[in-house]
Amino acid sequence: MGVIGHSEGGLIGLAAGLKTDIDTLVLIATPGRTIDQIILEQLSARAPQLVNEGEAIIDALKQGENVTHISESLFPLFRPSAQPYMNSLLRQNPCLLLSQRKGKTTIVQGERDLQVTKEDALALYDDNEKQVTLRLVESMNHVLVEVNDNLEDNLASYQNPSLAIHEELINSIVEYA
């Protein structure tokens, strides 16, 4: 059986792969760091005024607490209905999960991804290069489409459902899966 996981779905695929027989796993834009590191990095870059609140919420979730006071800005990420999922996600270490995996694994990472970076892919690969194939796609972003190096165009692509999935991604899946 083969599984393709994108972003957080890659973490789910890694975790599931330890409990089921997954022969081939394709990780697309999958974090190579814990999700709290990524969330706090994104907040620092795009909304530094929310970092302290984000840290406090993450710390509470890691302690198994439910958080009820959440600013409007962070509510979509940490809303009460998402907290059990987030709590589970915070416990996942992608490099450790991959190191425990048996079977063929391919990492595909866009170099213009604003959410999961090339460094994430390299962290996964460097720790496990004997059992993993890595494919970097220069012009692909997190929503798996081709973009130029203009930040505004990259962000606009998130709202444009007419853009086609990057051809190199499709070729990578077919080639390695």
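S7 counts as buried, at 13% relative accessibility, and this residue makes a handy doorway into the structure. It is found in the loop between β1 and α1. Its phi is near 60°, a positive value in a residue other than glycine. Please keep in mind as you look around that this is a predicted model. The chain holds 9 helices and 4 strands, and the points below go from the whole chain to single helices and residues.

**The chain as a whole**

- Reading from the N terminus, you meet the elements in the order β-α-β-α-α-α-α-α-β-α-β-α-α.
- How does the radius of gyration of the chain compare with that of a compact globule? For 177 residues a compact globule would have a value near 16 Å, and the chain has 17 Å, which agrees.
- The C-alpha trace spans about 45 × 40 × 25 Å along its principal axes.
- Of the 177 residues, 44% count as buried.
- Contacts often bridge distant parts of the sequence: among those between residues at least 6 apart, 61% join residues at least 24 apart.

**Surface and charge**

- The accessible surface of the chain comes to about 9600 Å², and 50% of this surface belongs to carbon and sulfur atoms.
- There are 13 positive and 25 negative side chains in the chain.
- The centres of these two sets of charges lie 8 Å apart.

**Helices with a buried side**

- A general point helps here: an α-helix has 3.6 residues a turn, so residues three or four places apart point the same way.
- In helix α1, which covers residues 8-17, the buried residues are G10, L11, G13, L14 and G17. They cover an arc of only 160° around the axis, which puts them on the same side of α1.
- What covers these buried residues of α1 includes strands β1 and β2 as well as helices α5 (83-90) and α6 (94-100).
- Helix α5 has Q83, M86, N87, L89 and L90 buried. Their arc around the axis is only 165°, so they sit on the same side of α5.
- The buried residues of α5 pack against four helices, namely α1, α2, α3 (51-62) and α4 (75-78).
- Which residues of helix α9 (residues 167-176) are buried? They are L169, S172, I173 and Y176. Because they cover an arc of only 95° around the axis, they lie on the same side of α9.
- On the other side of α9, E167 and V174 are exposed.
- The buried residues of α9 pack against strands: β1 (2-6), β2 (24-28), β3 (104-110) and β4 (132-137).

**Inside strand β2 and just after it**

- L27 belongs to strand β2 and is buried, with a relative accessible area of 0%.
- Leaving aside neighbours within four places in sequence, L27 is in contact with G5, G10, L14, T105, T106, I107 and V108.
- L27 and L11 are 16 residues apart in sequence, and their C-alpha atoms are 8.3 Å apart in space.
- T34 has its place in the loop between β2 and α2. Is T34 buried or exposed? With a relative accessible area of 19%, T34 is buried, since the cut-off is under 20%.
- Beyond its neighbours within four places in sequence, T34 is in contact with Q92, N93 and P94.

**A leucine in helix α2**

- L43 is found in helix α2, which covers residues 35-46, and counts as buried at 10% relative accessibility.
- Not counting residues up to four places away in sequence, L43 touches P48, L50, V51, G54 and L74.
- One of these partners is G54, 11 residues from L43 along the chain. The C-alpha atoms of L43 and G54 are separated by 7.9 Å.

**Another positive phi**

- L144 has a positive phi of about 70° although it is not a glycine.
- Where is L144 placed? It is in the loop between β4 and α8 (151-157).
- L144 is buried, with a relative accessible area of 13%.

Definitions and conventions:
Residues numbered from 1 in each chain as written. Predicted model: local features only at pLDDT ≥ 70, side-chain atom pairs only at ≥ 80, totals over all residues. Heavy atoms only, no water. Helix = DSSP H or I, 4+ residues; strand = E, 2+ residues; numbered from the N terminus. Rg over C-alpha atoms; globule rule 2.2 N^0.38 Å. Buried < 20%, exposed > 50% of the residue type's maximum accessible area, 1.4 Å probe, protein only. Contact = heavy atoms within 4.5 Å. Areas by Shrake-Rupley, 256 points an atom, 1.4 Å probe, with all protein chains shown as cover. Lys, Arg positive; Asp, Glu negative; His and termini not counted. Charge placed at Lys NZ, Arg CZ, Asp CG, Glu CD. Arc of directions from axis to C-beta.
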